[in-house]
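This briefing goes through a single protein chain, beginning with its overall build and then turning to its helices and to a few individual residues. Please keep the sequence and the structure in view while reading the points below.

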Amino acid sequence: MERESFDSSVIASAGYDPALRTLEVEFGSGEVYRYFLVPARVWRDLRSAESAGAYFNAEVRDHYPEEWMPGAATR
């Protein structure tokens, strides 16, 4: 999945697949997680949030099924 860079201390990059409703997030630590059943509006809101990290923590973390993707970092 193609990810775009974020200007965030928490999120290094993220991408979204609307067909699969899957959000992929690379954190500043280099770890990558996929979140499933994520509505497109969450992706739009994450991209436009004043603080992507705060939005992620409030609206994504612990709200959707997740999967750790070892070795998937782009750096």
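G15 lies in strand β2, and in this predicted model its relative accessible area is 2%, so G15 counts as buried, the cut-off for that class being under 20%. Around G15, once residues up to four places away in sequence are set aside, the residues touched are M1, E2, R3, T22, L23, E24 and W43. The last of these names, W43, returns below as one of the buried residues of helix α1.

**Overall build**

- The chain holds two helices and five strands, and when read from the N terminus these elements follow the order β-β-β-β-α-α-β.
- With a radius of gyration of 11 Å, close to the 11 Å that the globule rule gives for 75 residues, the chain is as compact as a globular protein of that length.
- Taken along the principal axes, the box filled by the C-alpha atoms of the chain is roughly 25 × 25 × 20 Å.
- Of the contacts in the chain with a separation of 6 or more, 44% are accounted for by residues 24 or more positions apart.

**Surface, burial and charge**

- Buried residues make up 37% of the 75 residues of the chain.
- The accessible surface of the chain comes to about 4,600 Å², and carbon and sulfur atoms hold 46% of that surface.
- There are 8 positive and 13 negative side chains in the chain, and the centres of these two sets lie 4 Å apart.

**Helix α1**

- Helix α1 spans residues 40-48, and within this helix V42, W43 and L46 are buried.
- These buried residues are on the same side of α1, because the arc that they cover around the axis is only 100°.
- On the face of α1 that is turned away from its buried side, the exposed residues R44 and S48 are found.
- The packing partners of the buried residues of α1 are β1 (4-5), β2 (11-17), β3 (22-27) and α2 (52-59).

**Helix α2**

- The residues A52, G53, Y55 and F56 are buried in α2.
- Seen down the axis of α2, these buried residues fall within an arc of 165°, so they line one face of the helix.
- The buried residues of α2 pack against β2, β3 and β4 as well as against α1.
- N57 also has its place in helix α2, but at 41% relative accessibility N57 counts as partly exposed.
- Between N57 and E2, which are 55 residues apart in sequence, the C-alpha to C-alpha distance is 22 Å.

**Strand β2**

- S13 is found in strand β2, where this serine is buried with a relative accessible area of 5%.
- S13 and G28 are 15 residues apart in sequence, and their C-alpha atoms are 8.4 Å apart in space.
- For G15, which also lies in strand β2, the C-alpha atom is separated by 15 Å from that of E67, a residue 52 residues apart from G15 along the chain.

**Loop residues**

- L37, placed in the loop between β4 (32-36) and α1, has a phi near 65°, which is a positive value in a residue other than glycine.
- D62 likewise is not a glycine and has a positive phi, of about 65°, and the place of D62 is in the loop between α2 and β5 (66-68).
- The relative accessible area of D62 is 70%, so D62 counts as exposed, a class that starts over 50%.
- S29 lies in the loop between β3 and β4, and this residue is exposed, with a relative accessible area of 59%.
- S29 is 27 residues apart from F56 in sequence, and the two residues are 15 Å apart in space, C-alpha to C-alpha; F56 is among the buried residues of α2.

Key
Residues are numbered from 1 along each chain as its sequence is written. This is a predicted model: local features need pLDDT of at least 70, side-chain atom pairs count only at pLDDT 80 or more; totals for chains, interfaces and linings use all residues. Side-chain values use heavy atoms; hydrogens and water are left out. Buried means under 20% relative accessible area, exposed over 50%, partly exposed in between (1.4 Å probe, protein chains only). Helices (H or I, at least four residues) and strands (E, at least two) are DSSP runs, numbered from the N terminus. The arc is that of the directions from the helix axis to the C-beta atoms. Contact means heavy atoms within 4.5 Å. The radius of gyration is taken over C-alpha atoms; the globule rule is 2.2 Å times the number of residues to the power 0.38. Accessible areas come from the Shrake-Rupley method with a 1.4 Å probe; for residues, only the protein chains shown count as cover. Lys and Arg count as positive and Asp and Glu as negative; His and the chain ends are not counted. The place of a charge is taken as NZ of Lys, CZ of Arg, CG of Asp or CD of Glu.
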